[in-house]
Each structure stands twice: as C-alpha cells, then as structure tokens.
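Notebook open, model loaded. I'm jotting down what I look up as I go.

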Amino acid sequence: MALISLQEITLAFGGPLIFDKLNLQVEPGERIALLGRNGAGKTTLMKVLAGRIKIHNGLVVVQKGIHVAHLPQEVPSGLKGNVFDIVLSGLGRSGSLLIDYHHLAVRLQTEHTPELMKQLGILQSELDRTDSWDVNNQIENIIKHVKLDPESDFEKLSGGQKRRVLLARALALKPEVLLLDEPTANLDMKSREDFLSLLKELKADGKTIVFSSHRLDEVIPFADRIIIMDQGKIIAESTPENIYKHIGKSSQLRIFLSNDLIDTAIGILQKNGFNVSRNGAGIKIKIETDQKILPINALLKSGIEIVDFEYIIEN
C-alpha cells in the first residue's frame with residue numbers, strides 16, 4: 001500500500017493549471033527523484049506531498065499514522081540557537097524539556113546555586129515522567145551522524161552545515177517519508193559531497209525518500225525511480241538505467257571557475273575539441289554523459305582550479 005497517493009490532482013494559483021489530473025504513488029522504501037529544470041513544478045509538487053498546499057480537485061491520500069518530513073530548498077530565516085536546540089525544536093514537549101535541561105546543565109558548570117539545583121531536579125522528574133531521556137540519546141546520535149558540534153551557533157554555520165542541521169531535525173521526527181527539495185542547491189562542492197554522503201547512508205537504511213533535482217549526477221546514484229517533469233506534467237518515468245532513453249545522452253556540463261581563468265579554460269577546451277562557451281561565473285559544455293569527465297580532466301591537467309561543476313538536463 002502506498003504511503004502517499006496523489007490521485008488526479010488539479011492545482012492552479014489564479015492562472016493556468018499547474019497540475020492537471022496528476023497522479024503519483026510513493027511506495028514504502030522507494031527513493032524517487034523528481035527530475036526537471038527550474039520551473040518544472042518540482043517544488044510545488046513537494047509542497048503538495050508535504051500537505052503544505054491544498055489542491056483544488058483530486059485526492060491526496062496519506063497512509064494513516066505515518067509522518068512526512070519536508071526539507072525545503074531554502075533555509076528558513078529567523079532560526080536561532082545552537083545545533084542541539086534546532087534539532088530538538090520540532091519535538092514538542094519533550095524537545096522543550098530537553099532544551100531547558102541542556103541549557104541549565106551548561107549554566108551549572110559555572111553557577112552552582114540551590115535555586116538552579118532545584119530547577120534541575122524538577123526538570124529531571126519531568127523528563128522521567130515523559131520518558132524523554134531516550135529522545136535525548138536519539139538526538140545526540142543523530143547530531144553525531146550529521147557530523148556537527150551540538151554547541152555550534154546555527155547562525156554562524158555555512159549553508160551546507162545548516163542543511164545538515166535541518167536534515168537532522170527532520171530525522172529526529174522519525175518520518176516514514178522524507179521529502180528533500182533540491183537538497184544540494186547553492187552548496188559548494190565539499191558541502192554537496194558531504195550531504196550526498198548522508199543521503200547514501202539513508203538509502204542504505206531503507207528510508208523512503210522523495211527528492212528533487214535538475215542534476216543527473218545526483219539522481220542516477222540515489223534514485224530507484226526517476227520522474228521527469230516539465231511545465232507541471234509528468235512526461236516520463238524511468239529507472240536510472242533507462243533514463244537516457246527518455247532524455248537522450250547529450251546534455252550540458254557547467255564548470256564554475258575564478259573569473260580570471262575563464263578565457264584560459266575556454267581556450268584549453270576548444271583545443272581539445274569541446275563545444276564550449278562562457279556561462280556567467282564559468283563555462284558550459286555540450287557533452288555526452290559518458291564523456292563528462294574528459295573536460296574536467298583536461299582543465300585539471302592544465303593546472304586550472306575548478307570551483308564547482310554540475311551536469312544538468314536540457315528540455
């Protein structure tokens with residue numbers, strides 16, 4: 001039985017239909033990739049799956065008793081506190097008790113007063129009564145899993161570290177379905193590799209995941225089923241092995257470089273026979289998927305430092 005079932009859903013925001021009788025089933029243990037360029041409808045579909053947007057017609061059926069956690073593309077503004085606080089913030093009464101206990105324990109390291117000891121005793125009794133100690137252990141393990149210091153100030157973390165904190169907060173809810181909207185968008189190469197490593201571990205654990213991306217290099221290793229979207233429509237479904245039957249083998253490699261190296265890089269690649277042109281803060285290359293490493297190697301061998309790269313589909 002599907003964990004989430006979208007049946008003939010229709011949605012519009014005062015203009016043309018965004019979804020017109022769209023259907024989608026999310027089965028237990030699946031890793032589903034929503035693949036498509038920006039504006040294809042991936043983010044809106046994620047919000048429908050998360051219950052954050054109400055549809056106009058059709059049915060959204062969520063299996064009774066399951067929890068769905070949604071990690072949006074943008075880091076929410078206004079989040080303050082340390083990593084431990086943020087991860088606990090979605091756990092209701094137990095989370096609030098553990099946050100208070102954690103802060104009080106830190107204060108007691110420098111302030112050892114009868115009043116603080118009394119507060120500590122009250123919190124310990126309440127934590128016992130609500131069986132919250134197990135939650136504390138689980139949160140500590142999750143934070144270790146995402147490789148972050150629980151005392152770090154959230155506001156001072158990098159974009160990639162903040163994403164990992166929010167992933168930990170989502171995992172703390174023990175969701176049956178995890179929704180990740182462009183989880184590596186705007187991350188540097190190292191941060192993206194770290195986040196993808198976490199996703200690989202979640203896949204190995206059998207977690208049901210729906211994630212959106214426009215990058216083939218992310219979709220193919222992690223997805224069991226790829227749903228290709230364009231203009232709010234599901235235009236094809238595929239396994240990773242058969243994806244090129246639907247999109248073709250030719251696509252685009254974007255390489256990001258320091259501005260002073262772009263012209264040199266273009267010259268090197270043109271000498272090597274690549275179809276290359278300038279693209280904002282870097283270059284873009286028309287390339288077949290089985291050759292995408294070749295221009296990267298050519299630049300590295302010539303001493304060109306690559307800031308980042310992405311391999312994307314074109315519709």
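How many bridges join β3 to strand β8, and do they run parallel or antiparallel? I count four bridges between β3 and β8 (residues 225-230), and the two strands run parallel. Before going further, a reminder to myself that this is a predicted model.

**Entry: β3 and its neighbours**

I picked one contact between β3 and β8 to look at: Leu35 stands opposite Ile228 of β8. Then I turned to β7 (residues 208-213), which pairs with β3 over five bridges, again in the parallel sense. Within β7, I find Val210 as the bridge partner of Ile32.

Next I checked burial along β3. The strand covers residues 31-35, and five of its five residues are buried. Side chains in a regular strand alternate between the two faces of the sheet, so I sorted the β3 residues by side. Arg31, Ala33 and Leu35 sit on one side, Ile32 and Leu34 on the other, and all of them are buried, which means both faces of β3 are covered. I note that Arg31 is in that buried set too.

**Entry: rings**

I went looking for aromatic pairs and came away with one. Tyr101 and Trp133 make up the pair, edge-to-face, with 5.1 Å from centre to centre and 90° between the planes. Over 60 degrees counts as edge-to-face, so the label fits the 90° I noted for Tyr101 and Trp133. The pair links distant parts of the chain: Tyr101 belongs to helix α3 (residues 92-107), Trp133 to helix α5 (residues 133-145), and they are 32 residues apart.

Is Trp133 buried or exposed? Neither, as I have it: Trp133 counts as partly exposed because its relative accessibility is 28%, and buried would need under 20%.

I also found a charge over a ring. Lys162 lies over the face of Phe154, 5.6 Å from the ring centre.

**Entry: the second largest pocket**

Last stop for today. I get a volume of about 230 Å³ for the second largest pocket. Its lining is made of 14 residues, and those nearest the centre are Arg52, His70, Leu71, Arg169 and Leu173.

Which element gives the largest share of that lining? It is β5, with four residues. Both β5 (68-71) and α6 (159-172) supply at least two lining residues each.

I sorted the lining by class as well: nine nonpolar residues, three polar and two charged.

Notes: Residues numbered from 1 in each chain as written. Predicted model: local features only at pLDDT ≥ 70, side-chain atom pairs only at ≥ 80, totals over all residues. Heavy atoms only, no water. 1 Å grid on protein atoms, 1.4 Å probe; cavity = no way out; pocket = protein on both sides within 12 Å on 5 of 7 lines; lining within 4 Å. Points joined across faces, edges and corners; volume = space filled by probe spheres on them. Nonpolar A, V, L, I, M, F, W, Y, C, P; charged D, E, K, R; others polar. Phe/Tyr/Trp six-rings, centres within 6.5 Å; stacked < 30°, edge-to-face > 60°. Buried < 20%, exposed > 50% of the residue type's maximum accessible area, 1.4 Å probe, protein only. Lys NZ or Arg CZ within 6 Å of the ring centre and 35° of its normal. Pairing = 2+ DSSP bridges.
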